[in-house]
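I set out to record what can be looked up in this model. The entries run from the whole chain to a helix, the ligand and the annotated residues.

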Amino acid sequence: MREHIALLERLGAEVVRVRRPEEFAAVDGLVIPGGESSVIDKLARMFDLQHPIRDAIAAGMPMLGTCAGLIMLADTIVDAIEGQQTFGGLDVVVRRNAFGRQPESFEATLDIPTLGPEPVHAAFIRGPVVESFGADATTLASLADGRVVAVEQENLIGLSFHPEISGERRFHQRFLDRVTARA
Ligand code: GLN
């Protein structure tokens with residue numbers, strides 16, 4: 001969370017932490033960070049944020065989800081905690097904890113032509129994997145073994161990994177460009 005804020009501010013954005021509907025009503029884009037997706041889901045419902053966020057996704061608000069944030073943006077989750085819901089919007093099926101537990105965190109270098117020739121250094125921490133996706137979602141990146149770890153669909157970007165902790169700025173820039181274009 002802190003790393004996302006620092007990165008967005010370095011890119012010139014004004015950042016507000018969203019916990020309540022009043023705060024969400026004042027923003028033009030949303031970054032959904034890593035953490036624990038079932039907790040994000042519970043808090044979002046408890047604080048009446050689920051419906052406003054779903055409405056904003058449908059209305060085209062730019063959003064960037066990393067790790068648990070990707071899970072929140074997925075239409076369908078495998079290995080969900082009972083009753084766990086998502087905001088949805090990305091026409092994908094993601095599997096939670098697809099890479100195992102915390103000790104199995106790893107880094108990988110990804111080629112993402114959409115972002116330019118420089119490879120992306122990606123940190124994976126108990127991240128999800130995109131198991132399948134519908135016609136409306138585009139793959140941005142896969143691991144060498146073919147597993148899809150970055151997807152995009154119109155206003156939404158979902159990443160299995162954490163670009164904010166490896167100094168990768170281009171996803172945040174892509175998100176902010178959309179926010180600016182829409183303002
Ligand atoms: N495993 C977590 C979840 O299910 C995601 C981990 C992360 O965000 N680093 O939400």
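**Entry 1: the chain.** I counted six helices and 10 strands in the protein chain; helices (H or I, at least four residues) and strands (E, at least two) are DSSP runs, numbered from the N terminus. I noted that the model is predicted: local features need pLDDT of at least 70, side-chain atom pairs count only at pLDDT 80 or more, and totals for chains, interfaces and linings use all residues. Residues are numbered from 1 along each chain as its sequence is written.

I compared the radius of gyration, 15 Å, with the value near 16 Å for a compact globule of 183 residues, and the two agree. This radius is taken over C-alpha atoms, and the globule rule is 2.2 Å times the number of residues to the power 0.38. I found that 40% of the 183 residues count as buried. Buried requires 20 or more other C-beta atoms within 10 Å of the residue's own, exposed 12 or fewer, and partly exposed lies in between, with C-beta atoms placed from the backbone.

**Entry 2: helix H3.** I looked up the buried residues of H3 (residues 37-46) and obtained Ser 37, Ile 40, Asp 41 and Ala 44. Viewed down the axis of H3, they fall within an arc of 100° and so line one face of the helix; the arc is that of the directions from the helix axis to the C-beta atoms. The face turned away from the buried side of H3 carries the exposed residues Val 39 and Met 46. I recorded helix H4 (50-58) and helix H5 (68-73) as part of what covers the buried residues. Asp 48, which follows H3, has a positive phi near 55°.

**Entry 3: the ligand.** I listed the residues around the ligand, among them Ser 37, Cys 67, Arg 96 and Arg 126; a residue is near if its C-beta atom, placed from the backbone, lies within 6 Å.

**Entry 4: the annotated residues.** For "active site", the unreviewed UniProt entry lists Cys 67, His 162 and Glu 164. They are spread over 98 residues of sequence, yet their largest C-alpha distance is 11.2 Å.

I located Cys 67 in the loop between strand E2 (63-66) and H5. Leaving aside neighbours within four places in sequence, its contacts include Gly 34, Ile 125 and His 162; contact means C-beta atoms, placed from the backbone, within 7 Å.

I located Glu 164 in the loop between strand E10 (156-159) and helix H6 (170-182). Glu 164 is buried, with 25 other C-beta atoms within 10 Å.

Notes:
Contact = placed C-beta atoms within 7 Å. UniProt positions renumbered as here; feature names shortened; annotations may be inferred.
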